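User: Please take a close look at the salt bridges in this structure. I want the pairs, the distances and the burial of each partner.

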Amino acid sequence: AVLCPGVPFSPMYRTPYLRAAAWTVVGACMGGAAVYQLQVSGRAKKTVSPLVSLSSPLPTSREFEHRTQELSFFTQEASSTSDNKVVSGSSTRQIPSKRDIPLTRYSISRAAARVSPSVVHIRGKSKSSGTGHLSRGNLPGISAATGSGFIIDKEGTIITNAHVVRDQEEGRHLTVSLQDGRCFPAFIHAADKDTDIAVIKLILPSEEKVDLPIAVLGKSEDVTPGEWAIALGSPFSLKDTITTGIVSAVNRSGKEIGMAYTRTPFIQTDATVNIGNSGGPLVNLEGEVIGVNTVAIASSGLSFAVPIDSAQKIVRHLQQSGKVQRPKLGLTTTDLTNTIFYTLRTTEKGFPQDVYHGIAVTKVVDGSPAHKAGLYEGDIIISYTPSGDDQERKVFSTAALLDVMLDKGGHKGKLKILRKHWDGVETIEVNIEGATSNDSR
C-alpha cells in the first residue's frame, strides 16, 4: 500500500469494477500475487493481472493507461450480456446498459469542448437594471439583458431564460457573441414566463451561408443524482466560463425553492452559477445538454436548471404559436412530501404500504375534464400514462404532472389514483383539454 498510496481513491475509478481492480493493485503491492477475477454470466472467467508487484517496478503512465483500458473493455463486455448483469464472486449486480468509461484528467474538458462552441453570450440594453430571480442585487455594468444561451439548429434558434430578455426594449435587437468571436444581431421570438424559457433568433446575412455550431441535446429523464454536471456561460460577462459539480437532485419543485409559480420541475446541482450564467447549458460528461441554468440561490452554492426535455417542449410550442398550450384538467392539487407519506403509511389504517409518491386533489371544478373522469377531492394522483403509450409516469409533483401532459392537450390519458379514505387504487381515463398559458391547471 505504501508503494501505491491513494490508488483506490483516484477519481479515475468511477465504477465498482475499476475500484475493485484498484484494490488489486494494493494487494499486489503487499503480496505480489493478488489477481482480480471478473466473471461474466454464462462465460468463462476473465483474469486481469495485477498492475504492479513487489518484483516489478511501478508502471509507467502509458502502462497504467493500458491496464485501465483493459479493465474498461471487460466492463463493456459485461454490459453487453443478455441480462445486463455481472457476477463477481457470489454477488450479482445490475450495471448500466451504457458503458461507463473511466474519468480521466480531460473528461470534463472534452465534454465542455463538445458543446462550448454553441454557447453564446447575450447582451442588450434594458429599461432597468437587475439580475432576476433569486440572485438579487444590482451590479454596475451588468444589464438585465445580459446572459447566456445555446444554439439548437442551423437557422440560429437559441434557447435562453425569459428573465434574461424580459426588460428588453421593444424594437431593439440583442447582440449575440459566439465563442469564435463572431457577433450577430438577434431578436426575441417568444418567451414563457411560467417556465422561464425564451427563444431568440439570430439575424443571419442573406447573401452568404453561415455555418453555426449546434449543441447536442441529451435526455434529462436519464439524469441521475450523483452524476457529474458542467455549467457553461458568461457569469459577470466573463465569456466561456466552465464550472463543475454534481447533480444533487432531480424533480425539485419550484415550491421547494420559493418559486411556486413555476410550472416545471428543476434539476438541482452544486455547479457554480452566477449572474450571466442564466440561459446557459447544463451538460453531462458526454457533452450533451441536460438542462437550462435558471436559478442560483445567493451564497448557498445551489443552482437549478430547467430539464432539457421540458425546455424542448416549451420551445416547440413557442416556435409554432408563440405561446404555450398547456393541459387543462380543472382541478387544484397540493404536493405531498416524503414525510407526509411516511406518516400516512405508519398511522393511517388501510393506507397502502407501497405508495410513496403522488399529489393530493384539493378541489375539482364542476363540468371539468377531471370531474367528468371521476376525480374527487381527497384523491391522490399516483401516476399518469399517455394514450397510446405503455410507459407509466410516476407523479412526484404538480409541476411534473403538468410537464408530462404538456403536449397532450386534446388527447386522452390514464390516471392511477388512490381514492380518499384509502378505498383502493383505481385507473381512470381522462380527456385532457388544451389551454393557453394563463388558463391551465
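Analyst: Start with one pair. Arg 419 and Asp 379 join their side chains in a salt bridge, 2.7 Å from N to O. Arg 419 sits in the loop between strand 22 (412-418) and strand 23 (425-431), and Asp 379 in the loop between helix 7 (369-373) and strand 20 (380-386), so this pair ties together parts that are 40 residues apart in sequence. Note that the model is predicted.

Now burial. Both Arg 419 and Asp 379 are buried. For Arg 419 the relative accessible area is 12%. That value is under the 20% cut-off, so Arg 419 counts as buried.

Arg 419 has a second partner. Its side chain also meets that of Glu 426 in a salt bridge, at 3.2 Å from N to O. Glu 426 is partly exposed, with 34% relative accessibility. Partly exposed covers the range between 20% and 50%, so 34% puts Glu 426 in that class. Put the two pairs together: Asp 379, Arg 419 and Glu 426 form a linked network of salt bridges.

A further pair involves a strand. Lys 416 and Glu 392 meet through their side chains in a salt bridge of 3.1 Å, N to O. Lys 416 lies in strand 22, while Glu 392 lies in the loop between strand 20 and strand 21 (393-394), so the pair ties together parts that are 24 residues apart in sequence. Lys 416 is partly exposed, at 28% relative accessible area. Glu 392 is partly exposed too, at 39%.

How many salt bridges does the whole structure hold? A search finds five. Among them are Arg 419 with Asp 379, Glu 426 with Arg 419, and Lys 416 with Glu 392.

For another buried polar side chain, turn to Asn 293. Asn 293 is in strand 15 (residues 289-297). Its relative accessible area is 1%, so Asn 293 is buried. A polar atom of the Asn 293 side chain lies 3.1 Å from the backbone oxygen of Pro 281. Beyond its neighbours within four places in sequence, Asn 293 is in contact with residues including Asn 161, Ala 231, Val 273, Asn 277, Gly 280, Pro 281 and Phe 304.

To recap the salt bridges: the network links Asp 379, Arg 419 and Glu 426. Within it, Arg 419 and Asp 379 are buried, whereas Glu 426 is partly exposed. In the pair of Lys 416 and Glu 392, Lys 416 is partly exposed, and so is Glu 392.

Terms used:
Residues are numbered from 1 along each chain as its sequence is written. This is a predicted model: local features need pLDDT of at least 70, side-chain atom pairs count only at pLDDT 80 or more; totals for chains, interfaces and linings use all residues. Side-chain values use heavy atoms; hydrogens and water are left out. Helices (H or I, at least four residues) and strands (E, at least two) are DSSP runs, numbered from the N terminus. Buried means under 20% relative accessible area, exposed over 50%, partly exposed in between (1.4 Å probe, protein chains only). A polar contact is a pair of N or O atoms within 3.5 Å; within protein, one must be able to donate a hydrogen and the other to accept it, and residues adjacent in sequence count only if both atoms are side-chain atoms. Contact means heavy atoms within 4.5 Å. A salt bridge is a side-chain nitrogen of Lys or Arg within 4 Å of a carboxyl oxygen of Asp or Glu.
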